[in-house]
Amino acid sequence: MAEVKIFGYTDKISVKPGQSIDVFVSADGVSEAEAKLVRLIHGDEHPDGPGFLEEEVACEADGPWPVRKQYTQVGSFLEVADPEAVLALEGPLTLHAFIYPGLPEAGQRQGLLGRWDNDRNMGYALGINRKGHLEFWVGRGDEVDYVEAEVPLIAKTWYFVAATFDPASGRATVHQESVANRYNGLLGRVAPIDFRSHVAETFRFRPKHLPDTPFLIAGTRDFHEARGHFVSQTYCGKIDRPGVHGRVLGEAEFDAIKGGALPPPDGMVAYWDTTAGYTDRGIGDVVIDAGPHKLDARGYNRPVRAQTGWNWNGRNDCFRLAPEEYGGVEFHYDAMIDCNWALTRTVRLPETLKSGVYAFRLRAGDGVGLGEERVVFFVRPTIPAGKVALLFPTASYLAYANEHLSFDAQIIQPMTGQPPIVSEVDIEMYKNWEFGLSTYDAWADGNGVCYSSYRRPILNMRPKYRISSMGVTWGFAADLSILAWLEHKGYAYDVLTDEDLHVEGLDAIASYACVLSGTHPEYYSERMLDATEDYIAGGGRYIYMGGNGYYWNVAFRDDEPWIMEVRKLDSGMRAWAARPGEHYLATTGQKSGLWKNLGRPPQKLVGVGFIAEGFETSRPYRRMPDSYHRTVSWMMKGIEGEMLGETGLAYGGAAGLELDRYDLNYGTPPHARIVASSGGHSDNYMLSIEEILYPYPGLAGSQDYRIRSDMVYFTAPNDGAVFSTGSIAFGQALPANGFANNISTLLGNLVDAFIAPGRLPGALWVNDEKQWK
Amino acid sequence: MVDVEQRLRPGTATADVPDTPASTWRNPLHPWGAEGAEEEIPSNPHRDPREVWVRTRESKAPLLPVGRLRYYHKWPGHGGRLWQRMRYWPTRRRVLHIRGEYNPKTLRREKTIVDKRPIWWVLGLVALLLAPAVMPADFQNTLMTAGATFGIYAAINLCWMLIIGTAGIYSLASYAVVGAAAFGTAWLSIHMGLPWWTLPLVGSAIGLVFGLIIAIPAIRLDGFYYALLTIGLNELCRVYTLQSKQFGSSTGGLYGADTYIPQSWSQESQSLLAYYACFALMVAALILYRFVDGRRLGRILKMAPEKREAFAEATGVNFRRARIWVFIISSIGLGFIGGFYTAHYRGVSFSIFSFDTVLLGLAMLVIGGIGRAEGAVVGTAIVIFLDKVLIATGPIRLILIGLIMLGVVLFLKGGLFGIKAQFGAWRDKKKSERRSRRAEKGGEMLPEEATETKDKDLIYWRRYDKMQRDYLKSLISPEIIEEHRKSPLGQHSEPLERLLLYFRRAPLADKYAITVVKPFQAYRIVALSGQRGVAPRIVEDKVYPTQDEAYHGVFLRRVQDLLET
């Protein structure tokens, strides 16, 4: 019997009681799983904390669910809507496109454009063969005929490619010519490479067409008996302005297209103008056919748009300036955005459900190891009930979703200062491409992943999960420690997500007296940032519970909030760097990258901003002299001594992992106070890259005074206030010693004060100091 | 592991580990009260990491000049011109398999003929075609007869090669099929008066029947037992015809069948016609060989070589069926040849069934090389030349054939035509022996390795890595090991930090990591694959009860690996 494995995801991440939620499950080796709705309370199994805590909740869906193995389409491509089978051309044909192959030497066949059935060997296609040569082929079912270009394609170079076929004479040709300029490719003019090839052969037969084969760009149709139709031979690289003609184009016509002219209208069947459809606010998944039949193509697994095209010449850095230079649509054979599984079960949640973090606990087989899955989702209140809102940074969960750093990133061990501790789940995720990648990974051709979604099992958004490269909880499981603390202290709290904040803006949080962030709210959209700023400015009281927050500018489409886009560029601690000219989000037209580089450093919002990271030790804070002022000293009620946070589940201290610092130069409000700061960080803590203009020796923890976490407090308009912890490990320090620790006391004082209506404590101690001491 | 720990126990420094005088390191985090930060711990005296660079002025391995002169012409690429490629009608096979490529040393476009066999075949066949025109008059008769015999035997051997090489059936009954067809057609021609042109067709039918009969046991028997059976069959045919009056036991064979050679022609014209007819027969056999071996049947069988049949079967390849098909097709071919044989020699003698005929045929196959058409043809040519042309040398020639065969079997893996591949493999073996003798393990690349490295950055990385390791080896001391054991994470002394940074930056393939057996209770050491989608492998059975012990376990393994290089 196969090893029992079960995985699932939901269609929505944030729901209200009484609403329905669709659950998608795939299971190996079993046909039934036992489901139970559970409320998650604590997710860190560290022996110094309360351990894993969940509470079973009655639900109509409890009990056995029939489950089965589900298949996932991996690889991005464009599918042409061609119900009339216009592209099943019987007569002469020409295929042409500009291509920028990402991995021609992948050793597997990659389809560029064609109407080809891999299983039945029928149709025609232009693609890259296993040797990395451009190839055109036609099939009759029992036989396939090929013509290939003379030399292999060179990776990361723009080519004009074409194939023609004349059934009357049987003559087939393939053509490739470089359209490299000084900017658009890997190699310059100094490399003595002759890219050209034109080859002709005489085919023995004309292709046969199947009625239902779709015309695909960047893949070909395939079939498997258990799975049905799917797409294989997917492509890695960019394609720009492909077209199909119903006649054989001549050399002069190819030269004209290669020179930038529109393809001749005579005989044009389709011409996908990848530069059409750009707006100031980005572009969608539909590639418009400018030909006579309007055979628009739709992207699957979100091909990356807003990428430079063959004619990009370095002057314009955004599609908003010159859409005609941004025809590049980028494909990856390991891209996976949405599992698109068949629905397993629609669950109507109980009306009486308390706001919180929930999961469908699915147990299959003996229910241990990979036989147990918790499909996590968040339940927000129907009407805001609590005074406190805990805002789960789901955008950041997306960014880290199913990351493979321990396995794929050579730099991760020097970065985290330890060998990784990989679990069964990590290995499963690594072995299986169907779980997709995170924005910390690269696609097979080395380009960074810019899209991530939650319509797939996110195995690191689970309680008990520990990030393998660091050996601690991270993201979701760490954020549960804050929830467990709220639960332990008995506060009336509600749970919200980044998605709610992005979709509803200020309305999502306006009614709460106090909002707590997660431990690492690193990825923020403009709307989320605006809403947070407006909340604080409008008198809200905000506790920034983490480190390295409000860092990357990300974007979501209004109709698909489950997919996030980010481009990493120029500076910042980043897993990859976007190519020149590709720094703008296809989703919104905004420049991506760090908020700091866009004029909104986090200091401007919460008083602190990212300064350093390190991953093998944490440190406590020590009270700063300014914390004795009566505007802030109330926070320290019940705390003995100067040291704060000497315990914690993340390396035994409250200041650790990623640290934020006060900085007037980046817009920390001038009246902000540093309440406490950490220090004595090891040399694994290195200054963040965006702070470095020139690197010089000594930019590490034990030698640079800037490397520290600052607890910063300031008051905001309308009795608003902000308290920033400036460290990711702060949240994981809360549950230490049965929640009886001074970090817990400090946060309790803050939340108590923040939820009390009226003036803040210490608000009247504002006169000039005329002291004798 | 224990080994390293023992070797490095404080105060027991061995020859591998430099005996370092005591020194101390003061932890900068001690004033901050960082956990585990002792004020002062024993450490190594300072060693300058640049020392190795200053000291190393040349490679330990002799660096010899490399480079191979291009003494022949290579066609440039077609560039912007259209390249019209020809095919063998009606297949999709191109006339020549040409690989277009960029010369890695110059990036010049070049074309390489990957498979030159079509050229050799054309030259060889044209030579055979023209041979009668240039034969010395003295030997004309002998050579023409030998040429005709060669054509017939080459055709037989090609069919036989399909059975032994392509289908992998060890049948020794090929001559029995030919003989049966020959006897059958001779008898029919003599007694029923069949004209010569029907003989090959009737022969084919006999071949088909015979093929079917011999194919049945091939379903169950293989290898030695099948060979035995077919020898038996051969012997049966011989004894049967020898004792059968019908088949001319008294005359030594059946003679008097109709022939395609007009008796009215001159002797010279007759032998010329015979020569070309046999040549045409061989060409036909070549075409048959190509169509069976090079197409679907042959490809199926190449997936199921001997001893890997089970694997092929598991992947859905019905190799048995394919084998039987090849066998039957070849038998029809052999029957055809049998009919032709009769029409050529006007009859047939018992010697066709004799064991020495089988052995001589086998020698032809083995000398040329099993599994290739050129092997069958050239092997036949050699043996026929020795046997028929050097007939004057008497029995010596048979000994010569035996010696050649023995030599081939003893020294060559794939006959004469396997020499190239065998030589290449032998050269590669010698190459790697020489390299491993000259090169320093983990040291600088040799020039010959450098030429084979696509990314020249790696060549420098090897040098840098070597320098790093030479330096870092000198840092390993009991104090350092002890320091790591006490606190695997956190601020470390300068020498330990250097070691750890080096270990952590290693490439991912085979890099150590830890896997959770039970959270906070049991951990094991694994090695990463460095290849996307491939799970890490377990490197040892030992279970570590804490993360810290596992970290230290990884460290000790890395130290061990470092000292071993």
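**Exercise 1. In this predicted model, find which residue of β10(B) stands opposite B:Lys518, and then describe how the two strands pair.**

Solution. Begin with the residue itself: B:Lys518 has B:Ala522 standing opposite in β10(B). Next, place both residues in their strands, for β9 of chain B covers residues 512-518 and β10 of chain B covers residues 522-527, and these two strands pair in the antiparallel sense over six bridges. A further pair along the ladder is B:Thr515, whose bridge partner in β10(B) is B:Arg524. Finally, look at the turn of this hairpin, where three residues lie between the strands and B:Phe520 takes a positive phi near 65°.

**Exercise 2. Work out the order of the strands in the open sheet of four strands that contains β9(B), and state which strands are at its edges.**

Solution. The order is β29(A)-β9(B)-β10(B)-β11(B), and the pairing is mixed. The edge strands, each of which pairs on one side only, are β29 (421-422) of chain A and β11 (537-538) of chain B. To see where a parallel pairing enters, turn to β29(A) and β9(B), which pair in the parallel sense over two bridges; within this pairing, A:Ile421 has B:Ile514 as its bridge partner in β9(B). As general background, strands of a sheet pair through backbone hydrogen bonds, either parallel or antiparallel.

**Exercise 3. Explain why β9(B) can be called largely enclosed by the rest of the structure.**

Solution. Take a residue as buried when 20 or more other C-beta atoms lie within 10 Å of its own. By this cut-off, five of the seven residues of β9(B) are buried, and therefore the strand is largely enclosed by the rest of the structure.

**Exercise 4. Describe the side of chain B that touches chain A, beginning with how many residues each chain brings to the contact.**

Solution. First, the contact takes 47 residues from chain B and 45 residues from chain A. Second, on the side of chain B, the elements that each supply at least two residues are β4 (82-84), β5 (97-102), α19 (494-504), β9 and α20. Among the contributors, β9(B) gives the most, with five residues. Third, sorting this side by class gives 25 nonpolar, 11 polar and 11 charged residues.

**Exercise 5. Chain B is assigned three domains; state their bounds, and find how far apart the C-alpha centres of domain 2 and domain 3 lie.**

Solution. The assignment gives domain 1 as 2-47 + 474-564, domain 2 as 84-126 and domain 3 as 143-354. The C-alpha centres of domain 2 and domain 3 of chain B lie 34 Å apart.

Definitions and conventions. Residues are numbered from 1 along each chain as its sequence is written. Chains are lettered from A and ligands numbered from 1 in the order in which they are written. This is a predicted model: local features need pLDDT of at least 70, side-chain atom pairs count only at pLDDT 80 or more; totals for chains, interfaces and linings use all residues. Two strands pair if DSSP finds at least two bridges between them. Two residues are in contact if their C-beta atoms, placed from the backbone, lie within 7 Å. Ala, Val, Leu, Ile, Met, Phe, Trp, Tyr, Cys and Pro count as nonpolar, Asp, Glu, Lys and Arg as charged, and the others, Gly among them, as polar. Domain bounds come from an automatic or database domain assignment. A residue is buried if 20 or more other C-beta atoms lie within 10 Å of its own, exposed if 12 or fewer, and partly exposed in between; C-beta atoms are placed from the backbone.
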